[in-house]
Amino acid sequence: MVQTEAYVILSVVLFVLGTMGVLLRRNAILVFMSVELMLNAANVALVAFARQWGGLDGQVFVFFVITVAAAEVAIGLALIVAIFRSRQSINIDELHLMEG
Amino acid sequence: MSIEVILFVIVGAVAVAAAVMMLLSENAVHSALFLILNFVCVAFLFLLLEAPFLALVQIVVYAGAIMVLFLFVIMLLGAERVMQTVQEFTWQSPAVLVLALIFLIAVSLSVLQGEVDTQEAPVLAPVLRVAHAFPVDGFDTVDIYLNNELFVADLSFREATDYQTLPEGSYNVSYNSAGDDIANIIPLATVSVEPGQVNTLVFYGTAPGQLAVIEDDLSTIPGREARLTVFNAYTALPAISLVDPGSDLTISNAETVPVIVENLEPGAATTPELLPAERKTWAFVRADDFNQLLLPLRDFRLDRGQSHLIVLAGETDEFATAGLRPVLVSLSARTTPQFGGPASVGQLLFIEYVLPLQLVALLLLAAMVGAIVLTQSAAARPKPGRETRRKVSRPLTSVIAAQTGRDVMEESPRLPEPDKPDEEKQSEPAGN
């Protein structure tokens, strides 16, 4: 049986990769994908701890995280489409002005 | 190295590689495809972590629905080419790399130092249920006491309680007729329960009553099978058997009839046995004479994933053998569903997490409405600089003129003036 530590380390690596994506990439869609990667990394840790404790609550939380991620993607992509229509760009460096 | 470790290393490496490639690829479509690969790897890790239901949800929702949405938006916007613009903050990349490395080392150290694996899974508390198969007159309904405290009240004949958790230890079981004073309780036996045990107490026999402790097995049943235990509480005969005579319930040849349980003495139980889950037509017969049918079991359902306990009990009947008529007490209990399977996750979700589930459903609904509103308002907003008035390519007058064959311009004084839009709006319905 693979130790829980191994899964948590893998989860941390994936989470850091996602964070780097959020901070380094300038394309709004790629930033969104990196956020999804971070959520997934958290899910891996949750499921690993659920197995560790022999309880299913961790898995139920993962279920909720997936649902919330789906809602977030729906709203976020709609926002990106709306922004692209008005600004003709999804580069987040060009979107830092809080104006219509 | 076990095969699980090898699988973990390979799948984990592919997951990390896919994440890195997602960060580095120039094309947004390639990034999305690498992210799908990463999600599939994570789903595989869920399978290794005994979460098959979540693995399927991960594939369907993440790799399916969400990533299709991403790809759709990328292609819709034509944003697959990632524009290499001038970085406004040149110090950002090295700073991010250093911070990420520090974070990685800090968390890894704390995970490795923190002795994550020392926690043991908790042992379950013992559970107990009581079945009433005691046929003596005056005790149709009984109260059962454990250590002189009421455990169950008004337990009627052929009924059983649900499983109830209680602390481990030794219990003096006693009973009296339902509603009777506690001073009149009749002691039965002493039962000791240990953690993790699942026991059924069957109260049977002749006055003053006997108590049998049947250890039940509620562990997970793989496949389409059911678990069966048979207990003999029919004291009028020295032994009974359970046979499978076929649907017509006639035993033509006692030598060849299939025997399920053979020679079960009163007070004895079989060991739990796995049988295919289907409808059975069985019969209880005398152990020494298979042609003497005691009690037929017509269309007895062995349900998938259930643990059944069949008790052959006696009911007072002065015309029957030794004053007892055989009756059936059938108990069943749901076995533990497979860890991480849809049944177990669903049970937890709909029993303990109903309110969060409703809230999340509301959130999804709000997100759906929000997405529609966002795209709607973006699409409906008029482009700046364009005329808001609808342009009619052919004036109505020329259509009428073409149909009637003569010019109607002079005969329609209420025709709208092009430079008075307010009047036009009012006159439009009248003109039509």
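## Strands, a pocket and a buried glutamine

V243(B) stands opposite V259(B), a residue of β11(B). That small pairing is a good way into this structure, which is a predicted model.

Let's stay with the strands around V243(B) for a moment. Strand β10 of chain B covers residues 240–243, and β11 of chain B covers residues 259–264. The two pair in the antiparallel sense over three bridges. β10(B) is also joined by four bridges to strand β13 (residues 279–286) of chain B, again running antiparallel. Within that pairing, L242(B) has F284(B) of β13(B) as its bridge partner.

Which way do the residues of β10(B) point? I240(B) and L242(B) point one way, while S241(B) and V243(B) point the other way. All four of these residues are buried. This fits a general pattern: in a regular strand the side chains alternate between the two faces of the sheet.

Now for another sheet in chain B. Four strands form an open sheet in the order β4-β1-β7-β8, with mixed pairing. Why does each of β4 (164–165) and β8 (210–215) of chain B have one side without a neighbour in the sheet? Both stand at the edges with a single partner strand each, so one side is left free of a neighbour in the sheet. Further in, β1(B) and β7 (residues 198–204) of chain B pair in the parallel sense over seven bridges. Here L128(B) stands opposite N199(B) of β7(B). In general, the strands of a sheet pair through backbone hydrogen bonds, either parallel or antiparallel.

β1 of chain B also helps to line the largest pocket. This pocket has a volume of about 1,200 Å³, and 38 residues line it. L124(B), L218(B), T336(B), P337(B) and Q347(B) are the lining residues nearest its centre. The elements giving two or more residues to the lining are β1 (127–133), β16 (324–334) and α5 (342–351) of chain B. Sorted by class, the lining has 18 nonpolar, 13 polar and seven charged residues.

Two residues in chain B share a backbone feature: a positive phi in a residue other than glycine. The table sets N147(B) beside D299(B).

| Residue | Phi | Place in chain B | Relative accessibility |
|---|---|---|---|
| N147(B) | near 50° | loop between β2 (141–146) and β3 (149–156) | 35%, partly exposed |
| D299(B) | near 50° | strand β14 (residues 293–301) | 49%, partly exposed |

Next, a look at chain A. Is Q59(A) buried or exposed? Q59(A) has 0% relative accessibility, and because buried means under 20%, Q59(A) counts as buried. This residue belongs to helix α3 (residues 57–87) of chain A. Leaving aside residues up to four places away in sequence, Q59(A) touches A50(A) in its own chain. From chain B, Q59(A) touches L49(B), E50(B), A51(B), L54(B), F339(B), G340(B) and V345(B).

Finally, step back to chain B as a whole. Chain B has eight helices and 16 strands. Of its 432 residues, 39% count as buried. Among contacts in chain B with a separation of 6 or more, 62% are between residues 24 or more positions apart. The accessible surface of chain B comes to about 24,900 Å², and carbon and sulfur atoms account for 58% of that surface.

Key. Residues are numbered from 1 along each chain as its sequence is written. Chains are lettered from A and ligands numbered from 1 in the order in which they are written. This is a predicted model: local features need pLDDT of at least 70, side-chain atom pairs count only at pLDDT 80 or more; totals for chains, interfaces and linings use all residues. Side-chain values use heavy atoms; hydrogens and water are left out. On a 1 Å grid over the protein atoms alone, a cavity is a set of points where a 1.4 Å probe fits but cannot get out, and a pocket is an open set with protein on both sides within 12 Å along at least five of seven lines; lining residues have an atom within 4 Å of a point. Grid points are joined across faces, edges and corners, and a volume is the space filled by probe spheres set on the points. Ala, Val, Leu, Ile, Met, Phe, Trp, Tyr, Cys and Pro count as nonpolar, Asp, Glu, Lys and Arg as charged, and the others, Gly among them, as polar. Buried means under 20% relative accessible area, exposed over 50%, partly exposed in between (1.4 Å probe, protein chains only). Contact means heavy atoms within 4.5 Å. Accessible areas come from the Shrake-Rupley method with a 1.4 Å probe; for residues, only the protein chains shown count as cover. Two strands pair if DSSP finds at least two bridges between them.
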